[in-house]
Amino acid sequence: SSARTPGFIESSCPSRIFWVKLDKRFLQGKFFSLELVDPSGGTVLLDEKLAARCGYVLSVDVWGNPIFRASVLGCHVANKADELFSLTINIKVSSSPDMRQAATYTYPMYCTYSPWAPREIVCEENYMEVSVKSDVPAISDDDTAIWMSALPEVQKVEYQVWQLIFLSPSGRKKIMVSDAASLGYSFNNTLARVFLRAPYSSNESKLAVVNGVNMNSVSSTSMYKQRWLLLLIDTTVSCPIDGTRFTDTAITWTVPSIIPTLVPQEPTFVSKNISVGVDGQRIMHPEQNYILEHNKTHIRMTVPIGAAGGRLKSTVANGVHGVIYSINLFLEHTWTDVDWHMTKYTVIKPITTPFMPRIPTVINNTLPEKRIFDVAFGSFLPDVSLVTITIGNVPLSPREAEHHGYKVYEITFPNGTKGFNLEVPFDDPTVLKEYVNRNETKYTLRVNYTLHVGPEMKPYNHPAEVECVVADIELPEAVGYCDKENLYLAVPVSALYQYWNLYIGNELLNQQTVLSNRYLLTTNSTHLVLQVPLFTMGIIYEEVSFQRLKTRFDLALRKANTLETIETFSVSCNFNSSEFIVCYPNGTVTVSAPMKTIPSIDMGKTKLKDSTCKPKEFNEEQAFFQFHVSTCGTLLKFEGDHIIYENEISYEKKILPAWGPPRITRDPDYRLTVLCYYPTKERLVHTAMVSNLPTNGSPPFGYGTMMVRSNVADESFMELYEPNLTIVKPSLEPIFFEVELKDEEPNVELHLNNCWMTGSSDFKSTSQWNITVDG
């Protein structure tokens with residue numbers, strides 16, 4: 001089948017080049033090939049080897065549309081007086097790769113181009129072309145016809161009689177034009193011009209660096225010799241093969257202003273005009289989008305990445321998201337010099353940046369009071385699409401995510417990029433919740449985005465985790481009160497065992513603690529009420545005086561996971577009590593003893609077992625004693641899991657003397673036994689005493705208190721036992737411990753020579769049990 005001027009083809013003729021664009025949308029999913037229709041009527045299939053020699057380029061523009069370019073001096077182009085050029089191509093389109101049942105679209109093109117500069121050079125993607133004027137200056141009007149008749153016009157002389165002389169790195173080389181094609185060159189002559197086309201990097205080419213740019217040059221002279229006429233034409237060509245530099249924000253393309261192989265006499269060089277273009281279209285005002293600068297050494301064009309005329313394309317490389325920017329530039333430089341009068345120099349330069357990573361960012365725009373995660377993900381070019389969002393290990397399309405109660409939508413930014421917004425409620429089952437700090441919840445949303453990137457729709461995964469900490473847990477507030485014999489604490493049970501537990505000292509408040517300490521615990525739907533009798537474990541006696549008790553009970557609110565104390569609930573009360581015994585953890589004992597005897601006795605004459613220990617205060621019916629378990633004749637005995645300290649309050653009766661007149665006493669007998677029970681597992685606070693024994697006449701040590709700490713360790717001293725831990729060992733097995741001086745006074749040192757236990761607070765006591773041996 002055949003069709004003329006199909007709609008999927010566009011063409012133009014910028015700078016003496018046929019420029020054809022095929023619409024990729026029409027060709028999508030199809031196969032195509034190009035045929036060149038020779039003026040004689042035959043067809044030639046375009047291939048890579050033919051393209052470089054014949055002045056053709058088959059490429060793709062930055063948008064993916066196939067591009068075909070042809071020099072007006074190319075093979076199979078009909079030339080009319082070096083002014084009108086025509087070329088016909090056949091585009092074959094088929095659904096199968098073997099091109100069966102192909103539709104053929106015939107497309108004729110026409111270009112007009114005039115006037116020509118004496119020398120014109122084109123630097124294309126795959127070839128270099130130089131075209132020079134070949135007419136000989138007239139000597140006189142009469143002779144002009146004779147001279148011109150000798151010129152090798154197309155109509156009169158075959159071009160094969162021309163010879164090419166190359167000045168190559170290996171020396172001078174002369175070849176017949178008929179052999180040039182086999183070396184990849186194309187040489188021909190038109191009515192008034194000769195031209196040479198050379199591939200890049202031929203055997204006769206050489207590389208040189210000019211002002212920092214690599215140039216590829218072929219130095220040649222075209223020679224025509226016929227009887228008395230010798231025509232030598234310089235057909236040297238030189239083209240840049242790099243000159244591009246990239247930053248994250250711009251492309252810089254540099255071309256030398258003066259190319260020595262093309263301008264032998266540099267002082268006569270004058271730059272006349274510089275113009276630039278994109279995709280074959282000349283840019284009238286390059287300063288609006290690009291920066292064009294030129295001086296004696298170089299012409300430089302700076303293109304901001306993303307500038308109009310080029311294409312930013314998203315892609316994925318090694319799992320990293322990024323962009324590539326492509327643009328098809330051309331430069332036209334016209335100059336004059338003494339040898340050539342005028343040269344027109346055109347460079348066509350497609351440029352693609354290297355891969356530039358653009359790691360997308362996840363921005364947490366969550367407002368805690370809304371209790372909805374608001375997460376923005378971007379930014380991306382329009383060629384990126386969101387395929388799935390994985391929340392809680394469940395991949396969902398944006399549409400499915402909406403059905404799950406999430407919001408997924410695109411947001412566009414003023415610079416043309418876009419992002420994806422996601423909203424997920426805090427209370428969604430996929431959101432992780434963790435109790436942190438005192439009264440806060442940390443909500444964590446884990447999400448994995450899957451995108452299709454760029455025209456190739458490459459898959460890209462990006463995991464993200466966003467957090468929000470909200471003070472949304474209400475800390476319980478306890479209420480304390482007292483009656484005549486008990487202290488009470490009422491604590492709200494809401495979220496109590498979920499986040500916190502209650503502790504009395506280091507003991508968890510549970511049924512066992514309540515029973516063993518003789519507490520009473522009641523709970524209802526809102527509160528837990530703990531009743532603590534006055535004289536039970538856990539009561540703190542802040543002040544104990546004659547007939548008055550100031551007591552406190554503390555309940556610690558601790559984190560269930562870390563046991564960190566968050567709050568201490570306290571209830572404090574004053575009690576009037578005429579009789580009590582208080583046994584303090586440090587071994588102090590306070591006794592308020594009522595003594596209603598008949599007849600009444602003198603309370604000032606009551607005493608403890610050690611008769612020097614008298615009451616601190618007394619009145620007619622009551623005595624108040626305070627002493628330490630290691631003094632006043634206190635006895636010690638062990639019973640089960642307890643240490644029992646015992647003393648006795650008694651009254652000193654008047655006794656009949658052994659001599660003198662007899663005396664009668666009516667004083668009654670009075671005995672009151674005082675017992676203090678300490679669990680052996682409870683830790684008593686020990687006091688340290690410093691000896692004041694003189695040594696060898698040196699000044700005696702003074703009395704004083706040293707800040708020391710003792711730790712029990714394992715044999716390696718790498719691990720210390722926890723405080724309050726009961727350590728059970730056979731009697732002869734050693735226990736390893738260390739004593740650490742905590743004083744920060746610079747002149748204080750600790751020397752531990754001997755450690756022992758005694759049954760008395762007097763360190764001179766003879767009953768001693770050694771603690772340290774070989775220490």
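This note goes through a predicted model point by point, from its overall make-up to its disulfides, one of its sheets and a few unusual backbone angles.

1. Overall make-up. The protein has 775 residues, of which 43% count as buried, and its secondary structure consists of seven helices and 61 strands. When contacts with a separation of 6 or more are considered, residues 24 or more positions apart account for 59% of them. The surface that the protein exposes comes to about 43300 Å², and carbon and sulfur atoms supply 52% of that area.

2. The set of disulfides. The structure holds six disulfides, and a student may find it helpful to begin with how they are arranged before looking at single pairs. If the bonded cysteines are counted along the chain, the pairing follows the pattern 1-4, 2-3, 5-6, 7-8, 9-12, 10-11. Three of these links are described in the points that follow, namely those of Cys-13 with Cys-111, Cys-54 with Cys-75 and Cys-613 with Cys-632.

3. Cys-13 and Cys-111. These two residues form a disulfide in which the sulfur atoms are 1.4 Å apart, and the angle of -80° about the S-S bond makes the link left-handed. The pair connects distant parts of the chain, since Cys-13 sits in the loop between β2 (9-12) and β3 (17-22) while Cys-111 belongs to strand β10 (residues 103-112), 98 residues apart. Are the two partners buried or exposed? Cys-13 has a relative accessible area of 32% and is therefore partly exposed, a class that covers values between 20% and 50%. Cys-111, with a relative accessible area of 2%, is buried, because buried means under 20%.

4. Cys-54 and Cys-75. Here the sulfur atoms of the disulfide are 2.1 Å apart, and the torsion about the S-S bond is about -85°, so this disulfide is left-handed. Cys-54 lies in helix α2 (residues 48-54), whereas Cys-75 lies in the loop between β7 (66-71) and β8 (78-80), so the link ties together parts that are 21 residues apart in sequence. Cys-54 counts as buried at 1% relative accessibility, and Cys-75 is buried with a relative accessible area of 17%.

5. Cys-613 and Cys-632. A disulfide joins Cys-613 to Cys-632, with a distance from S to S of 2.0 Å, and the torsion of about -90° about the S-S bond means that the disulfide is left-handed. Cys-613 is placed in the loop between β52 (606-607) and β53 (617-618), and Cys-632 in the loop between β54 (622-628) and β55 (635-639), so that parts 19 residues apart in sequence are tied together. Cys-613 is buried at a relative accessible area of 14%, and Cys-632 counts as buried at 10% relative accessibility. The backbone of Cys-632 also deserves a look, for this residue has a positive phi of about 60° although it is not a glycine.

6. A four-stranded sheet. An open sheet of four strands has the order β32-β33-β37-β36, and its pairing is antiparallel. Which strands stand at the edges of this sheet? They are β32 (361-364) and β36 (407-412), each of which has a single partner strand, so one side of each is left without a neighbour in the sheet. From one strand to the next, the twist averages 25°. Between β36 and strand β37 (residues 418-425), which run antiparallel, there are six bridges, and Thr-412 stands opposite Lys-418 in β37.

7. Two cis peptide bonds. The peptide bond from Ser-114 to Pro-115 is cis, with omega near -5°, and Pro-115 lies in the loop between β10 and β11 (119-123). Another cis peptide bond joins Gly-378 and Ser-379, where omega is about -5°. Ser-379 is found in strand β33 (residues 372-380), and β33 is one of the strands of the sheet in point 6.

8. A positive phi at Gln-101. Although Gln-101 is not a glycine, its phi is positive, at about 50°. The residue lies in the loop between β9 (84-94) and β10, and at 82% relative accessibility Gln-101 counts as exposed, because exposed means over 50%.

How values were computed. Residues are numbered from 1 along each chain as its sequence is written. This is a predicted model: local features need pLDDT of at least 70, side-chain atom pairs count only at pLDDT 80 or more; totals for chains, interfaces and linings use all residues. Side-chain values use heavy atoms; hydrogens and water are left out. A disulfide is a pair of cysteine sulfur atoms within 2.5 Å. Helices (H or I, at least four residues) and strands (E, at least two) are DSSP runs, numbered from the N terminus. Buried means under 20% relative accessible area, exposed over 50%, partly exposed in between (1.4 Å probe, protein chains only). Contact means heavy atoms within 4.5 Å. Accessible areas come from the Shrake-Rupley method with a 1.4 Å probe; for residues, only the protein chains shown count as cover. Two strands pair if DSSP finds at least two bridges between them. Axes are lines fitted to C-alpha atoms, for helices over the stretch in contact, and angles run from 0 to 180 degrees between N-to-C directions.
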